[in-house]
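Dear colleague,

I am passing on a structure for you to look through, and below it you will find my notes on two parts of its surface. Please keep the sequence and the 3D view open while you read.

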Amino acid sequence: MRRFPVSVLCLGAFLALTAGPLHAAEEDGQVWLAQQSFLNLDQKLVLFTDLQLRLTDDAERAGQAIARGALG
């Protein structure tokens, strides 16, 4: 088993932890809104709904919407 000097291990750890882009990406404030509902249709049947909206561009633009429903 080969042993590495501590300085080589420290240099490798430093490079691994600091690797990445030099400049940070622009900030973009985002908001996720969610709404869930449950409706009893009868004693054995329930309607489930799930609506989600993602606002991007500092929460000024609708970026993504998801609508799901199920019967159970």
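**Aspartate 28 and the surface patches**

Leaving aside its neighbours within four places in sequence, aspartate 28 is in contact with Thr56, Asp57 and Asp58, and please bear in mind from the start that this is a predicted model. Aspartate 28 lies in the loop that runs between helix H1 (6-18) and strand E1, and its C-alpha atom is separated by 8.3 Å from that of alanine 59, although these two residues are 31 residues apart along the chain.

Is aspartate 28 buried, partly exposed or exposed? Its relative accessibility is 33%, so aspartate 28 counts as partly exposed.

Aspartate 28 also belongs to a negative surface patch, which is formed together with Glu26, Glu27, Asp58 and Glu60. If you look for glutamate 60, you will find it in the loop between strand E2 (46-56) and strand E3 (61-71), and glutamate 60 is exposed because its relative accessible area is 70%, where the cut-off for exposed is over 50%.

There is a nonpolar patch on the surface as well, formed by Leu39, Leu41, Leu45 and Leu71, and together these residues have about 360 Å² of accessible area. One of them, leucine 41, is found in the loop between strand E1 (31-40) and strand E2, and since its relative accessibility is 45%, leucine 41 counts as partly exposed.

With best wishes

Key. Residues numbered from 1 in each chain as written. Predicted model: local features only at pLDDT ≥ 70, side-chain atom pairs only at ≥ 80, totals over all residues. Heavy atoms only, no water. Patch = residues over 30% accessible without salt bridge, like charges linked within 9 Å, V, L, I, M, F, W, Y side chains within 5 Å. Areas by Shrake-Rupley, 256 points an atom, 1.4 Å probe, with all protein chains shown as cover. Salt bridge = Lys/Arg side-chain N within 4 Å of Asp/Glu carboxyl O. Lys, Arg positive; Asp, Glu negative; His and termini not counted. Charge placed at Lys NZ, Arg CZ, Asp CG, Glu CD. Helix = DSSP H or I, 4+ residues; strand = E, 2+ residues; numbered from the N terminus. Buried < 20%, exposed > 50% of the residue type's maximum accessible area, 1.4 Å probe, protein only. Contact = heavy atoms within 4.5 Å.
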